[in-house]
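Hi everyone, thanks for coming. I'll take you on a short walk through one structure, so please have it open on your screen.

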Protein chains: 2
Amino acid sequence: MPANAVPDHPAATAPVSVPEGAFVEVCEVGPRDGFQIERAFIPTKEKIAIANALAKAGIKKIQATSFVSPRAVPQLADAEDVLAGIERTPGLVLTALVPNARGAERAARTQVDVMGLFCSASETHSRKNVNASIDETLARFPPVVEIATAAGKRVQGGVATVFGCPFEGEVDPQAVVRIARFYRDLGIVDLNLGDTTGMATPRTVRAVLAALREAVPEMKPTLHFHNTRGVGLANVMVGLAEGVTRYDSSVGGLGGCPFAAGATGNICTEDLVYLLHETGYETGIDLDALIAAAERTERAIGRELPGQVMKAGPRFARHSVDDVATAAG
Amino acid sequence: MPANAVPDHPAATAPVSVPEGAFVEVCEVGPRDGFQIERAFIPTKEKIAIANALAKAGIKKIQATSFVSPRAVPQLADAEDVLAGIERTPGLVLTALVPNARGAERAARTQVDVMGLFCSASETHSRKNVNASIDETLARFPPVVEIATAAGKRVQGGVATVFGCPFEGEVDPQAVVRIARFYRDLGIVDLNLGDTTGMATPRTVRAVLAALREAVPEMKPTLHFHNTRGVGLANVMVGLAEGVTRYDSSVGGLGGCPFAAGATGNICTEDLVYLLHETGYETGIDLDALIAAAERTERAIGRELPGQVMKAGPRFARHSVDDVATAAG
């Protein structure tokens, strides 16, 4: 590189030469993280149709709903019915959030494959979100693991506000490590790292992953980024370079942020899949079918979704020379 | 990293350990690339006020306008007046696009510092955009360099459709190299790589930069990404890892794509600056003042701009515990 360039860096944060056949798992969380924030109740039939369209597009993991109290999150009060309606395509894994034993008992009677626990790494956010301290929250989890195991379900351990807390500011990676260790000691391998309010940055992603590699190298991280500040996919590039191959996203970029009117929600599934394919990864997902599912979701929601690829089309959506007006520059 | 991880990669594509004080130059192109696509004419006074607000926020390079035919781009017919109105903060560099000798003669009489040439790397796009072949376009440039040199102005060489053409599809990096060599032989050092319709991807960014490093290592590249498909800032991470330290962006994410209704324009300046700061780079820009300039631009345009940081605020826009409704998960 010419003058003015930054000197060489000691390590990779995004993949340069992706090995042939390298696979990234995309977990669709829109039906939970997206629908829960909508004002209008999305009809159960429509939720099921969207999940089925996503599965048919090749998505292999869908977070379909949440077994929280229907009073706290009325939009997901139809958890059992949604799960009952989803057709099982080969290899499809269905997950749902489960906050406590009561939720686990409900989930155990459904076709859900994975129960997702979640605990905030910030004390203030924890109290605000589930009205309990971190320790009180963690104490609810051993019975969930027992119920899940008895029902033949797997358990995933989630951490919220991993990359920052809107109330407390910076979150110490050791607060994340502490919760991860608790999960590991319960026999949990899958660790979901939630960027709950879109505060993740390249620096914080690297710091958290380094702390976890050191403390709980046996756990498999999934990165759950929000695009609240526009840098969600830049963070994915950092995650990929750090070797993380599992990402959560929402169809159409469904969702939002309770802290910022107009801010977007999760990173968008189609945009993520487009980026992954164009970086050299395989996902098993058909981008055109995924875009069709996003369009269906947009119709169901009744407002424009922030996804970009659904508007512009894939890279080779070619145009006729007669198509467009001249625009110099 | 645990099982399921991609093996280590041989080289960096995003900076892991950014050297202390590493600086990235952000060039604001909204006043040209953004305003030119607006339907309504933005009042000259407002254009000047926005440019001045951007300069006061610490932006050191502004592409203020374009000396194309006022018939082709009526929105920028006030090029001379806009340039006359911008206050020169210390170190501020003003640039403008100049398609030919006639434009250069106009630009020479203004306080512009840099004349920006541009030529498409795609034959079809070139004919569509400036009604001339690539060779015909390049033939117009030597007189521009003469006029600029006589007037004491610098010249920057721009290439359009570097990362793909909406008509022709993939663009051969050697087509970019050919134009870069032409610029170099005219004594031009600054090379602007335009992602005209948002087709850049990590793969194409790396391929083009590698070809240019090989052919014209003495030239200094600027990456000009559009966020048409949502991956603009992911491409910046790749550029940073490849050692490129100069990026174009537009305030608020101003602009659009003539090929896709609803698609966004350039990468957003505030979101880029936020990402750079949070990756460890210095820009000399005050993010809060930049957000204020974006809000002013949004009012001038009269519609919501796609920028995210202007909606969500910087990372530590903290909230009171009483601020928000509980949202589980």
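Let's start with a piece of chain B: strand β7(B), helix α10 (residues 232-241) and β8(B) together make a right-handed β-α-β unit. Before I go on, keep in mind that this is a predicted model.

Now step back from that unit. In what order do the strands of the barrel in chain B come? There are 8 strands, and they close into a barrel in the order β1-β2-β3-β4-β5-β6-β7-β8, with parallel pairing. If you ignore direction, neighbouring strands of this sheet are turned by 30° against each other on average.

Okay, back to β7(B), which covers residues 220-224. Is this strand mostly buried or exposed? Buried means under 20% relative accessible area. In β7(B), 4 of the 5 residues are buried, so the strand is largely enclosed by the rest of the structure.

Who sits beside β7(B)? On one side we have β6(B), residues 190-194, and the two strands pair in the parallel sense over 5 bridges. You can find some of the partners yourself: L193(B) has L223(B) as its bridge partner in β7(B), and G194(B) stands opposite H224(B). Then there's β8(B), residues 246-249, which runs parallel to β7(B) and is joined to it by 2 bridges. Look at H224(B) again here, since H224(B) also stands opposite D248(B) in β8(B).

How does the chain get from β6(B) to β7(B)? Follow helix α9(B), residues 202-215: β6(B), this helix and β7(B) make a right-handed β-α-β unit.

Let's stay with β6(B) for a moment. How many of its residues are buried? The count is 5 of 5, so to speak, a mostly covered strand. And that goes for both faces: D190(B), N192(B) and G194(B) are buried on one side, while L191(B) and L193(B) are buried on the other. Coming into β6(B), the chain crosses from β5(B) through helix α8(B), residues 173-185, and this β-α-β crossover is right-handed. The strands β5(B) and β6(B) pair in the parallel sense over 4 bridges. One of the pairs to look for is G157(B), whose bridge partner in β6(B) is L191(B).

One more step along the barrel: β4(B), residues 114-120, pairs with β5(B), residues 154-160, in the parallel sense over 7 bridges. There, V114(B) stands opposite R154(B). While we're looking at the sheet, α9(B) packs on it, touching β6 and β7 of chain B, and the helix direction makes about 155° with that of β6(B).

Next, a single residue. S122(B) is in the loop between β4 and α5 (123-130) of chain B. Buried or exposed? S122(B) is buried, because its relative accessible area is 0%. What does S122(B) touch, leaving aside its neighbours within four places in sequence? Its contacts are I134(B), T161(B), C165(B), E168(B) and V171(B).

Last stop, over in chain A. In helix α5(A), residues 123-130, the buried residues include H125(A), S126(A), K128(A) and N129(A). What do the buried residues of this helix pack against? They pack against β4 (114-120), α6 (134-139) and β5 (154-160) of chain A. Right after α5(A) comes N131(A), which has a positive phi, near 60°.

That's my tour, thanks for listening!

How values were computed. Residues numbered from 1 in each chain as written. Chains lettered and ligands numbered in written order. Predicted model: local features only at pLDDT ≥ 70, side-chain atom pairs only at ≥ 80, totals over all residues. Heavy atoms only, no water. Buried < 20%, exposed > 50% of the residue type's maximum accessible area, 1.4 Å probe, protein only. Pairing = 2+ DSSP bridges. Right-handed = clockwise from strand over helix to strand, strands pointing away. Axes fitted to C-alpha atoms, helices over the stretch in contact; angles between N-to-C directions. Contact = heavy atoms within 4.5 Å.
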